[in-house]
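Please open the model in your viewer and keep the sequence panel beside it, since each stop on this tour begins with a selection. Have a residue-selection box ready, and take the stops in order.

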Amino acid sequence: GNLAIGTLASHSALQIMHGAKKERFTTILVALRDRAWFYRDFDHLIDLIIEVNSWRDICKPEIAEELRGYNTILVPHGSFVEYVGLECGESIKVPLFGTRSLLRVEADQKLKMLLLMKAGIPTPRVYELGDDIRGPVIVKLPGAKGGKGYFIASSNSEIEAKLRKYIEDGLLRSPREAIIQEYIVGVTAYFHYFYSPVLNRLELLGADIRYESDIDGLRRLPVGILEELGIDPTFTVVGNLPLVLRESLLPRIIEYGRRFVDASRGMVSPGVIGPFCLESVIDRELNVKVFEFSGRIVAGTNLYIDGSPYSYLYWDQPVSMGRRIAIEVRLALEKGLLEKIVT
Ligand code: ATP
């Protein structure tokens, strides 16, 4: 019968619904009861809204059954990874667009860095506590949302003192849990890729910059006042800004994306499918250092609901990441290859 494309009403849901509608799929949103009104304003994009009390309700047998009843392919996004929980995400009895087993890698900072290193993608140097630290480092807490509690330091004693305080405050169990990473001075750039198992090709569909409080707001203050305030900046994402890259950077960025696809096959089966994002800092020598990845659609793609400068080159029409997902489902359906894109 007919297929539906569904997702959770958050993150990049409107883009995913818009793209699925463009490709003539039935569209289904699972929405939190108190936020459903907002999504109803877009009911021309959404055929059905299923209301739930909590995100985890999506794993309740009756909800999963309802979704299966409409032949739904569920598209995981940032809120799915963040709020549904690994156990529910891995076991949900609804087909997922993409690779289910990648969720476990995505939940583990150390596994994530391992995958990047196995891919031979340049990453910031990682230190252990007590190593000879040269230059500034960024210390990351596990499971931190929006970089809460991250701090920048330049010596072991500074790091130890701060981590001791975090343990006292119950933010951290052991200093070993913290990740100490070389701090790259440069500009951040996030690359949006789509790997198509059906066409067997990698597409670079866009790039963005995250607009983060407080780190982006602090530079509005005079340096003297900054010192006086002594704020530990957070990296809470407020939105995303568009970015087009120097064309001379593109071959390397696509090369890193290809390496990621190859290396993911060595870590999860069958390897990454569909959208993923490499998150980087680019320095003055134009070195691209990747400090993090997302193995699913990122919210920065919301910028390009009407297509990006890159997606236009591949498709010659406005294709967002959400629409690209729907195109892949349609192509897979036409060629009898659905098992290549859902897990
Ligand atoms: P998210 O889960 O939303 O992707 P997060 O909270 O896990 O983010 P990171 O993405 O790891 O945090 O980092 C938060 C911010 O810190 C980044 O957006 C970037 O601005 C900065 N950052 C992270 N690692 C480095 C690094 N090695 N050098 C310089 N800046 C960095």
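What follows is a walk through a predicted model, from the ligand outwards to the cores, a sheet and some backbone details.

**First stop: the ligand**

Begin by selecting the ligand and the 19 residues around it, of which Pro 124, Gly 147, Ile 184, Phe 235 and Phe 291 come nearest. If you then colour by secondary structure, you will find that the elements giving two or more residues to this shell are strand 6 (137–140), strand 8 (179–182), strand 10 (201–214), strand 11 (235–242), strand 12 (274–282) and strand 13 (288–294). Colouring by residue class instead shows a shell made up of nine nonpolar, four polar and six charged residues.

Where does the ligand lie with respect to domain 2 and domain 3? Select 106–122 together with 185–320 for domain 2, and 126–182 for domain 3; both give residues to the shell, so the ligand lies between them.

**Second stop: the nonpolar cores**

Move next to the largest nonpolar core, which has 65 residues, and select Ile 5, Leu 29, Phe 260, Cys 277 and Val 290, the members that touch the most others. Because domain 1 (4–96) and domain 2 (106–122 + 185–320) both give residues to this core, it lies between them. Another core, of eight residues, lies apart from it, and Val 137, Val 139, Ile 159 and Leu 172 are among its members.

Return to Cys 277 and display its surroundings: leaving aside neighbours within four places in sequence, Cys 277 is in contact with Tyr 190, Phe 191, His 192 and Tyr 193, and also with Phe 293, Ser 294 and Val 298.

**Third stop: a four-stranded sheet**

Now show the strands numbered 5 to 8 as a cartoon, where an open sheet has the order 5-8-6-7 with antiparallel pairing. Strand 5 (126–127) and strand 7 (151–153) stand at the edges with a single partner strand each, so one side of each is left without a neighbour in the sheet.

Following the order from one edge, strand 5 pairs with strand 8 in the antiparallel sense over two bridges, and here Tyr 127 stands opposite Ile 180 in strand 8. Strand 8 is in turn joined to strand 6 by four bridges, again antiparallel, with Ile 138 having Gln 181 of strand 8 as its bridge partner. Strand 6 and strand 7, which also run antiparallel, are joined by three bridges, and Val 137 stands opposite Ala 153 in strand 7.

**Last stop: backbone details**

For the final selections, switch to a stick view of the backbone. Select Ser 213 and Asp 214, which are joined by a cis peptide bond with omega of about 10 degrees; Asp 214 lies in strand 10. A cis peptide bond also joins Ser 269 and Pro 270, with omega of about 0 degrees, and Pro 270 has its place in the loop between helix 11 (250–267) and strand 12.

Asn 71, in the loop between helix 3 (61–69) and strand 4 (72–74), has a positive phi of about 55 degrees although it is not a glycine. Asn 200, in the loop between strand 9 (187–196) and strand 10, likewise has a positive phi, near 50 degrees.

Are these two asparagines buried or exposed? Asn 71 is partly exposed, because 16 other C-beta atoms lie within 10 Å, whereas Asn 200 counts as exposed because 8 other C-beta atoms lie within 10 Å.

Terms used: Residues numbered from 1 in each chain as written. Predicted model: local features only at pLDDT ≥ 70, side-chain atom pairs only at ≥ 80, totals over all residues. Near = placed C-beta within 6 Å. Nonpolar A, V, L, I, M, F, W, Y, C, P; charged D, E, K, R; others polar. Domains from an automatic or database assignment. Buried ≥ 20, exposed ≤ 12 C-beta atoms within 10 Å, placed from the backbone. Core = buried A, V, L, I, M, F, W, Y, C linked by C-beta atoms within 7 Å. Contact = placed C-beta atoms within 7 Å. Pairing = 2+ DSSP bridges.
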